[in-house]
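Let's take a friendly walk through this model. Have a look at the sequence and the structure, and then we can go through a few spots together.

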Amino acid sequence: MTVEQNIRELRKIYGLSQEQVAEAIGINRTTLVAVEKGDRELNSEELGKLADYLGIDIAELVAQEIPDYEKYEQMIIEVVDRYYRETGKSLPKTFLAKLLYLTDFSWFYSELKPMSGMKYRKIEYGPVPDQFFRVYEEMAESGKLSVEQSDKGAYWTTLTRAGQADRRTRLSEEEKEAIGKVVHKWKDSNTREIVAFTHSQLPYQVSRLEQFIPYELITQEEPEHVY
């Protein structure tokens with residue numbers, strides 16, 4: 001995709017109007033229309049403002065491809081649903097983030113490509129995409145997932161609406177099976193244990209804090225330590 005196509009696609013993903021995006025980066029709607037048509041380029045300052053507003057890296061804006069956000073949402077739904085079917089319990093937010101990370105990187109280990117294409121950043125509490133928090137908040141607000149509050153924070157619950165599973169069309173049966181294997185392995189563990197595991201893996205260990213973790217690093221991990 002071109003930068004202009006990326007901007008249009010990201011705007012649709014986030015459900016933003018041209019007016020909202022234009023205001024966020026300090027231009028008028030007419031100018032943004034020209035940008036999306038390819039008649040006008042954003043300067044570095046405007047690109048920086050847009051990246052900050054969307055919660056992504058500038059490199060992602062100008063890349064030829066952007067992550068499949070719809071597929072990432074379906075991965076979240078599949079993980080939550082699988083975990084509930086395995087345990088009958090709701091899924092802690094941090095645990096969910098780690099299961100998604102292990103799914104993406106273990107899929108890269110076997111297929112040499114990530115499942116979602118999301119970029120995972122090394123932060124103190126583990127590897128996570130910048131967009132994770134915004135995505136789950138939007139999914140909760142839209143009713144795609146239910147969140148129950150407790151004294152320990154937000155916990156995800158499984159889907160309750162019939163037919164939702166049938167709409168996970170971005171995931172192949174092989175990908176769903178891979179998600180199931182990761183969930184099954186960790187179903188009896190707690191958040192502290194899965195966090196400790198991801199922190200002990202080579203990709204997290206050798207990456208710098210606040211930097212994106214290259215998927216390729218997982219191929220150097222021992223097979224039994226991939227997930």
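Which residues of strand E2 are buried on one side, and which on the other?

## Strand E2 and its partner

This is a predicted model. In strand E2 (residues 120–123), Tyr120 and Lys122 are buried on one side, while Arg121 and Ile123 are buried on the other, leaving both faces covered. In general, the side chains of a regular strand alternate between the two faces of the sheet.

E2 pairs with strand E3 (residues 126–129) in the antiparallel sense, over four bridges. Across this pairing, Tyr120 has Pro129 of E3 as its bridge partner. The connection from E2 to E3 is a hairpin of two residues.

## Glu175 in helix H9

Next, please turn to helix H9 (residues 173–186), where you will find Glu175. Glu175 counts as buried because its relative accessibility is 7%, and the cut-off for buried is under 20%.

A polar atom of the Glu175 side chain lies 2.8 Å from the backbone nitrogen of Ser172. Beyond the neighbours within four places in sequence, Glu175 is in contact with Lys71, Trp107, Met115 and Arg170.

## The second largest pocket

The second largest pocket holds about 170 Å³ of space. Its lining includes Trp107 and Met115, together with Glu174, Glu177 and Tyr227 among others. By type, the lining residues are five nonpolar, three polar and three charged.

Helix H7 (93–111) and H9 each supply at least two residues of this lining. H9 gives the most, with five residues.

Definitions and conventions
Residues numbered from 1 in each chain as written. Predicted model: local features only at pLDDT ≥ 70, side-chain atom pairs only at ≥ 80, totals over all residues. Heavy atoms only, no water. Buried < 20%, exposed > 50% of the residue type's maximum accessible area, 1.4 Å probe, protein only. Polar contact = N/O pair within 3.5 Å; in protein donor to acceptor, adjacent residues only side chain to side chain. Contact = heavy atoms within 4.5 Å. 1 Å grid on protein atoms, 1.4 Å probe; cavity = no way out; pocket = protein on both sides within 12 Å on 5 of 7 lines; lining within 4 Å. Points joined across faces, edges and corners; volume = space filled by probe spheres on them. Nonpolar A, V, L, I, M, F, W, Y, C, P; charged D, E, K, R; others polar. Pairing = 2+ DSSP bridges.
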